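Q: Got a minute to go through a structure with me? I'd like to start with a helix and then look at the rings.

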Amino acid sequence: METLEYRCPNCNAYLVFDPKSGKMKCDYCLSDFTVDEVKENNDTRGKVHNEGHGHTHSEEQTNGDYFCYSCPSCGGEIIGDSTTAATECPFCENPTVITQRLSGEFKPDYVIPFKITKKEAVSALEKLYGGKKLLPNAFTRDNRVKKVTGMYVPYWICDCEASGTVSYDATRVHTFSSGKYITTRTDFFKVVRRGTVAFDNIPQDGTTKLEGIHTESIEPYDYSEMIPFSNEYLSGYFADIYDVNSEDVLGRVAERAKASVKESFKETVIGYATVSESESNIDITKGDIHYALLPVWMLNTNWNGKTYTFAMNGQTGKVVGDLPVDKKKFWKRTAMFFGIFAAVAAVVAFFI
Amino acid sequence: MKKTVCLISVLLIIAFTALPVYAAKERVIDTADLLTAEEEQKLSALAGEVYEKYGVDIVILLEDTYVSSPQRHAEDYYDNGGYADDGIIFYLSVYDRDWYMATSGSCMDTLSDSRLDDIFEEIKSDLAKNEFYDALSSFIPLCEGYIEAGPSFSATPVGGYILNMCILLPVAFVVALVVVSLEKKKMNTAVLQKNANDYIINGSVDIKEQKDVFVTSTVTRVPISQGSGSGGGGRSHGGRGGKF
C-alpha cells in the first residue's frame with residue numbers, strides 16, 4: 001500500500017495542514033510552509049512509502065473490507081477500512097495519506113480545505129451540550145469532546161438543468177354585500193407555468209459512513225474556496241474515498257432540484273386567494289459531476305445502543321447534532337413547569 | 001249625572017292609584033289579574049322599600065299567555081324594562097303554570113341558583129293552591145333577606161374558583177408539556193434539505209410560458225344576520241325555573 005507523509009525539513013517532525021493560516025505547519029518547531037512550497041521542495045515533499053507487493057508484511061492485505069500496514073514512523077500497526085484515504089497512527093499520531101487510494105477514479109477533482117480549527121470545533125460541541133437540560137448527565141461524562149475528528153468527506157458535486165411544466169388550481173374570491181345578502185363569488189383558474197432552471201454544484205455525500213440528514217444539515221459550502229485537489233490538505237486529518245457511486249446520488253439531487261423548480265414557479269403565481277398544485281412534469285438533465293472532498297468535524301457517540309452524531313461544517317462552522325433525551329429529566333422538567341404554570345393559574349383564577 | 005260622577009270618581013281613583021306607580025318603575029305587573037289592586041299596591045310598596053335600601057329591583061310579572069321560553073321572556077322583560085343593573089324578576093304564567101326567576105348583576109351572587117331553589121321551596125305550596133298574594137308577599141322578604149346577607153361564600157365564589165382551576169390546571173399541564181417538548185425538539189437539529197435553492201444559478205429561472213385561464217365561477221349568497229333578537233344584548237343572567 002502506497003502511503004505518504006510530510007516531514008519538516010528543519011526538524012523532521014511531521015507537517016499537518018493548519019486551517020487558520022492555510023499552510024503546512026510543524027507543531028514541533030513551529031515552522032510553516034505554503035502548500036506550493038511543500039509540493040516543490042524535495043526536502044518537505046511527502047515521503048512515499050511503498051510497502052506491500054511481495055513484502056514481508058503478511059497482514060498487509062487489501063482484500064476484504066480492512067487493510068493494515070505498519071507505521072513508517074514507529075512501526076505500529078495502522079488499521080483502516082476499504083475507504084480510508086487519510087488517517088493517523090493510533091500509537092504515534094503520525095499523519096498518513098494513503099495515496100494509492102487517491103489515484104485513478106478515486107482521485108478527487110476538488111477539495112475545500114479546513115478553515116475551522118479543532119479548538120473551535122470542540123468549543124462548538126461544548127456549546128451544543130451546554131444548556132441542554134434534557135441531556136443525560138452520563139452522556140458528557142467521559143469528556144469525549146476532545147475526540148471530535150476532522151474528516152474530509154467524499155461528495156458528488158452535481159450540475160444539472162431542470163425543465164418542466166407545473167399546473168395549479170387557483171381561486172380568487174370576491175365578497176360584497178348587496179341589500180339583505182352577503183354575496184361571495186369564487187372564480188376558478190387553471191394556471192400553467194413552463195420553463196427551465198439551471199443548478200450549479202448541488203452537493204450530495206458519497207459515503208455510507210455519514211447519514212444524508214447530517215451532511216445535508218451542514219450545507220451550504222462556499223465553493224469560491226474550492227480548489228483543485230492536492231494530497232497536502234489531507235495531512236493531519238482523516239479522509240475517506242467514496243463508496244456510493246455518483247449515479248446513486250442523482251435521484252436525491254433530482255428530488256431537491258424538482259422541489260426548487262416548483263418553488264420558483266409558484267412564486268410567479270400571484271394575485272390568487274388559494275393556489276394548489278395539480279400536476280407537475282419536470283425533467284432533470286444531468287450536467288457535470290465532480291468529485292470533491294469537503295471538510296467536516298464530527299463525533300459519533302454510542303449511547304444505549306444508538307449512535308448520536310455531531311457534525312460541523314469544517315469551512316463555515318455550521319453545526320448539527322442529535323442528542324439523547326433523559327426520560328426522567330423530561331418528566332421532571334414537565335412537572336417543574338407545570339408547578340410554575342399551576343401557581344400562575346391559581347392567581348389568575350381569582351380574577352376571572 | 002250620577003253616571004258621570006261615578007265615572008269621574010272611578011277615573012280619579014285610577015289616576016291616584018296608578019299615577020305614583022307609573023311615576024316610579026312598575027315592579028308588579030299583573031296582566032293575568034291574579035291580584036287585587038290593593039294586593040298589587042302592597043307588593044309594589046314592599047319592592048319599592050327594597051329598592052330604596054339596596055338599589056335592587058324586585059320585579060314580579062304575572063301573565064296568562066303562552067311563551068316559548070320562560071327564561072328568555074323573563075330576561076328580556078327585565079332587560080328592556082329599564083330596571084336597575086342589580087335585580088331579580090319573578091315570572092309566573094298561569095297559562096301553563098310556568099315560573100322563572102332571572103337574576104342580574106350582583107343578584108346573580110346574592111340570589112344564587114341554590115338560594116332561588118330554597119326560596120321557591122318556601123312559596124311552592126302557596127303557589128300550588130293559587131294563593132299568589134301569600135306566595136309573593138313572602139317572596140319579596142325572602143329575597144331581601146338574602147340580599148342583605150350578601151353573597152354566600154360556599155356557593156358561587158369558591159365554587160367558581162374550583163371550576164376555574166379545573167379548567168386551568170389541565171391547560172397548565174399541556175403548556176408545560178409543550179414547553180419541554182420544544183426543548184426536546186432542540187436536541188436534534190438534523191433536517192434534510194427541502195430543495196436546492198442555494199444552488200440555483202442566478203437569473204437562470206426562465207419561465208417560457210405562463211397561462212392563467214379562467215375556468216368557472218360559483219356564487220353563494222348568505223342573508224345578513226340581524227344581530228341577536230333580545231334587546232338586552234350581551235347582558236348575563238342567572239336563574240331558575242320550572243312548573244308550579
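A: Sure, here is a short chat about one helix, some ring pairs and charges over rings.

A: This is a predicted model, where local features need pLDDT of at least 70, side-chain atom pairs count only at pLDDT 80 or more, and totals for chains, interfaces and linings use all residues. Residues are numbered from 1 along each chain as written, chains are lettered from A and ligands numbered from 1 in written order, and side-chain values use heavy atoms, without hydrogens and water.

Q: Cool. How many residues does H5 of chain A have, and how far does it reach?

A: H5(A), residues 327–351, has 25 residues and reaches 36 Å from first to last C-alpha, close to the 36 Å expected at 1.5 Å a residue. Helices here are DSSP runs of H or I with at least four residues, strands are runs of E with at least two, and both are numbered from the N terminus. The expected span is 1.5 Å times one less than the number of residues.

Q: And which residues of H5(A) are buried?

A: A:Phe330, A:Arg333, A:Thr334, A:Phe337, A:Ala342, A:Ala345 and A:Ala349. Buried means under 20% relative accessible area (1.4 Å probe, protein chains only).

Q: Switching to rings: how many aromatic pairs over all chains?

A: The search finds 26. Rings of Phe, Tyr and Trp (its six-membered ring) pair if their centres lie within 6.5 Å; planes under 30 degrees apart are stacked, over 60 edge-to-face, the rest tilted. B:Phe132 and B:Phe244 are edge-to-face, because their centres are 6.2 Å apart and their planes at 90°.

Q: Are those two buried or exposed?

A: Both B:Phe132 and B:Phe244 are buried.

Note on methods. Buried < 20%, exposed > 50% of the residue type's maximum accessible area, 1.4 Å probe, protein only.
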